[in-house]
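Here are a few exercises to work through with the model open in your viewer. Try each one before you read its solution.

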Amino acid sequence: MGRLPTFIVIALFLLAAIHYYLWARLIRDPRLPPRLRPIATTLLFLLAASPPVALVLGRGHPGARRLLSWPAFLWMGIMFLLFVALLSTDLARLLFGLGRRAIGALSEAAPPPTAAPRLSLRRTFLARGVAAGTSLAVTGLTLSAIRSARGPIGVRKVRVRLDRLPAAQDGFTIAQITDVHVGATIGRTFVEDIVRHTNDLSPDLIAITGDLVDGPVEQLGHLVEPLRNLRARHGVFFVSGNHEYFSAPEGWFDELPRLGIRVLRNERLSIGNAAASFDLAGIDDRSAIHYGGLGPRQALAQALSGRDPQRELVLLAHQPSVVVEAEPFGVGLQLSGHTHGGQIWPFGLLVRLQQPFIAGLHRRGDSQVYVSCGTGYWGPPMRLGAPPEITQLRLERTV
């Protein structure tokens with residue numbers, strides 16, 4: 001069995017297991033009235049089926065994809081919040097029960113027996129209270145998360161001090177856009193808002209660090225067309241993310257230059273004039289190696305071959321993990337995305353298993369890496385604890 005079929009089987013198994021757990025906690029244990037139980041069970045089954053149905057039926061049909069994706073992806077976010085909330089409640093109840101038993105053992109006093117009907121009634125009452133409380137809490141969190149993801153995009157301002165930055169470039173600003181994920185639920189209006197907010201910053205340079213799209217040029221080209229209006233004194237630059245490799249990347253590598261965006265593919269160039277300049281490099285996402293491209297170390301070697309190590313170097317690389325390979329090359333600052341800051345708390349705890357940094361400015365050896373929470377979102381139109389951002393990075397010379 002290949003990698004993709006195995007992934008699909010695992011994903012479907014997890015989807016089924018989570019929904020069985022939700023059914024047990026929200027329908028079975030609260031003992032819903034006989035008339036409501038089959039209706040609720042059917043509804044939960046349809047919601048469980050919606051994500052794979054949207055992915056299958058929406059493939060190749062933009063209208064159907066958009067229509068099916070909104071409820072499917074929204075449910076994915078709600079499902080995750082419900083699962084985390086209910087699991088946390090169960091763990092708390094387990095710890096409370098173990099604590100009571102431990103106290104009882106120390107006091108050598110057994111709790112009085114409880115009649116079976118009374119115990120069953122108490123468990124049902126508790127299950128209904130947990131189901132109702134969890135549902136109300138998740139409803140509030142969902143509304144807040146949707147408002148965060150779909151509301152106004154904030155600007156996060158970050159100062160970065162660099163040892164080799166020329167004095168003439170002190171105060172140089174970079175606007176970073178990343179992980180927009182134009183596609184099923186993010187369209188042209190969202191892109192126009194990004195362009196307007198970015199141009200309002202009057203940046204010296206604009207960097208788009210991957211996962212711009214979730215589909216081929218034929219379907220999404222008209223949605224990203226407003227990017228041609230981005231303005232920066234030293235230009236607009238793009239490096240690929242892993243999602244570009246799911247969407248016929250060569251088409252995008254040809255399309256973006258027509259919008260005035262320079263695609264950096266394992267290459268570097270000089271920003272500024274003569275000695276008052278620094279190096280800007282960009283490499284393909286590490287996913288490229290699975291599509292006939294180079295891995296991060298080989299991509300860096302190609303991009304930085306013959307570079308003067310006394311010059312400052314800013315690297316655009318989609319995934320923060322690249323900093324491990326980039327540090328020995330003398331990278332002063334790496335700009336990355338990919339993590340979405342976890343997007344929906346506490347999913348970031350799982351992201352941390354794959355990436356060394358989730359969000360913000362970090363140092364590794366002599367290198368620094370800034371990880372943006374992302375400008376759009378993937379999947380659920382929700383963000384919780386990780387608001388979207390356009391980042392304004394101000395480069396400052398270390399005195």
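Rings of Phe, Tyr and Trp (its six-membered ring) count as a pair if their centres lie within 6.5 Å, and planes over 60 degrees apart make the pair edge-to-face. Keep in mind that this is a predicted model.

**Exercise 1: aromatic pairs**

Find how many aromatic pairs the whole structure has, then classify the one formed by Tyr-245 and Phe-253.

*Solution.* Start with the count: searching the whole structure turns up 7 aromatic pairs. For Tyr-245 and Phe-253, the rings sit 6.4 Å apart, centre to centre, with 70° between the planes. The cut-off for edge-to-face is over 60 degrees, so that's the label this pair gets. Next, check the surroundings: Tyr-245 and Phe-253 are both buried. Finally, add Tyr-291, and you've got one aromatic cluster made of Tyr-245, Phe-253 and Tyr-291.

**Exercise 2: helix 5**

Test the length of helix 5 (residues 188–200) against 1.5 Å a residue, then work out where its buried residues lie.

*Solution.* Length goes first. The expected span is 1.5 Å times one less than the number of residues, so the 13 residues of helix 5 should cover 18 Å. The end C-alpha atoms are 18 Å apart, so the two agree. Now pick out the buried residues: Phe-190, Val-191, Ile-194, Val-195 and Thr-198. Looking down the helix axis, these buried residues fall within an arc of 140°, so they line one face of helix 5. Over on the other side, Thr-189 and Asp-200 are exposed. Just past the end of helix 5, Ser-202 has a positive phi of about 45°.

**Exercise 3: the sheet**

Write down the strand order of the open sheet of 6 strands, name its edge strands, and look at how the neighbours pair.

*Solution.* The order is 6-7-8-9-11-10, with mixed pairing. Strand 6 and strand 10 (360–364) are the edges, as each pairs on one side only. On average, neighbouring strands here are turned by 20° against each other, ignoring direction.

Now go pair by pair. Strand 6 (residues 267–273) and strand 7 (residues 276–282) run antiparallel, joined by 7 bridges. Leu-269 has Leu-280 in strand 7 as its bridge partner. The hairpin of these strands has 2 residues between them, and Ala-274 in that hairpin takes a positive phi near 50°. Strand 8 (residues 313–316) and strand 9 (residues 333–336), on the other hand, run parallel, with 3 bridges joining them. Opposite Leu-316 you'll find Leu-335 in strand 9.

Methods:
Residues are numbered from 1 along each chain as its sequence is written. This is a predicted model: local features need pLDDT of at least 70, side-chain atom pairs count only at pLDDT 80 or more; totals for chains, interfaces and linings use all residues. Side-chain values use heavy atoms; hydrogens and water are left out. Helices (H or I, at least four residues) and strands (E, at least two) are DSSP runs, numbered from the N terminus. Buried means under 20% relative accessible area, exposed over 50%, partly exposed in between (1.4 Å probe, protein chains only). The arc is that of the directions from the helix axis to the C-beta atoms. Two strands pair if DSSP finds at least two bridges between them. Rings of Phe, Tyr and Trp (its six-membered ring) pair if their centres lie within 6.5 Å; planes under 30 degrees apart count as stacked, over 60 as edge-to-face and the rest as tilted. Axes are lines fitted to C-alpha atoms, for helices over the stretch in contact, and angles run from 0 to 180 degrees between N-to-C directions.
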